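Student: Could you walk me through this fold, with the cut-offs spelled out as we go?

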Amino acid sequence: MLVLLGISMFLLVNKNLFLDNVASWRRGTATFSLDLNTLSGDLTEAGVLRRFPELELRCQAAPADIQNLGDRVCYNYAKRFDGYGAHFVAFFLREGRLSSMKVDVPWWWHAAMEKRLIERYGQPTGRQVLPSGDQRLEGWQLAQGSVFYNRDPDLNPLQWNSVFWMSDRQIEQIGGSFVQGASEPNATRAQMLRWLLGKLIHS
């Protein structure tokens, strides 16, 4: 009874996240692969749609809370990315050109996806030792941008991991990245404690 009560409380607190995971399971049917070295900040919205027809992307003006990523976004649920489970994919565009893209990967695929990134792109060219915000990232400098991935899975098994590519132009606009040697903002005490708790649980 206590276990069932605990699960019920967890799902209640994480209702929206749970429903989003269910939506992904029901709607995510597309399977796609992508060499992130082939992405370019010169790619247009029409070019993205042409290149990934299997994703059946929907495009719209970016909501206000993600306008730092771009002014338009093309998105959809997905089932598989490079042979591993996927949750959601989004391409962000600024002034008609690709600025960044992300693929969300289920929590339980964290280690497998990290291994896949290393196999394809080599050892990360930058790794954060301490968290920036509430997580640590690792990153790879690629041909026309950089790709980032969270080093640690989240405490919450309903929370996904993100493979995040950003064009060189977008990185320059935000002042650089740790992959290129730029400094990162410090984590707050609460964020640091949350990260440490996560490390203890996952170790």
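What follows is a short run of questions and answers.

Tutor: Before we start, this is a predicted model: local features need pLDDT of at least 70, side-chain atom pairs count only at pLDDT 80 or more, and totals for chains, interfaces and linings use all residues. Residues are numbered from 1 along each chain as its sequence is written, and side-chain values use heavy atoms, with hydrogens and water left out.

Student: How many helices and strands does the chain have?

Tutor: Both are DSSP runs numbered from the N terminus, helices being H or I with at least four residues and strands E with at least two. By that rule the chain comes to 6 helices and 11 strands.

Student: What percentage of the 203 residues is buried?

Tutor: Buried means under 20% relative accessible area, exposed means over 50%, and partly exposed is in between (1.4 Å probe, protein chains only). Out of the 203 residues in the chain, the buried share is 42%.

Student: Which element gives the largest share of the largest nonpolar core?

Tutor: A nonpolar core is a set of buried Ala, Val, Leu, Ile, Met, Phe, Trp, Tyr and Cys residues joined through side-chain atoms within 4.5 Å. The largest one has 30 residues, and Phe32, Leu36, Leu55, Val89, Phe91 and Met101 have the most contacts inside it. Elements giving it two or more residues are β6 (88-94), β7 (97-105), α4 (110-121), β10 (145-150) and β11 (161-167). The largest share, 4 residues, comes from β7.

Student: How many residues of β7 are buried?

Tutor: Strands pair if DSSP finds at least two bridges between them. β7 runs antiparallel to β6 over 7 bridges, and it also pairs with β11 in the antiparallel sense, over 6 bridges. The strand is mostly covered, and of its 9 residues the buried ones number 8.

Student: Which residue in the hairpin of β6 and β7 takes a positive phi?

Tutor: Further along these strands, Phe92 has Ser100 in β7 as its bridge partner, while Val103 has Val163 in β11. The hairpin itself has 2 residues between the strands. The residue with a positive phi, near 55°, is Glu95.

Student: Is the aromatic pair of Phe32 and Phe81 stacked or tilted?

Tutor: Rings of Phe, Tyr and Trp (its six-membered ring) pair if their centres lie within 6.5 Å; planes under 30 degrees apart count as stacked, over 60 as edge-to-face and the rest as tilted. There are 6 aromatic pairs by this rule. For Phe32 and Phe81, the centres are 5.1 Å apart and the planes meet at 40°, so the pair is tilted.

Student: Which residues make up the cluster linked by ring pairs?

Tutor: Two of them sit in strands 49 residues apart, one in β1 (residues 31-32) and the other in β4 (residues 80-81). Phe32 is buried at 2% relative accessibility, and Phe81 is buried at 1%. The cluster is Phe32, Phe52, Phe81 and Phe91.

Student: Which cysteine of the disulfide is buried?

Tutor: A disulfide is a pair of cysteine sulfur atoms within 2.5 Å. A search of the whole structure finds 1, between Cys59 and Cys74, with the sulfur atoms 2.1 Å apart. The pair links strand β2 (residues 58-61) to strand β3 (residues 72-77). Cys59 is partly exposed at 25% relative accessible area, whereas the buried one, at 0%, is Cys74.
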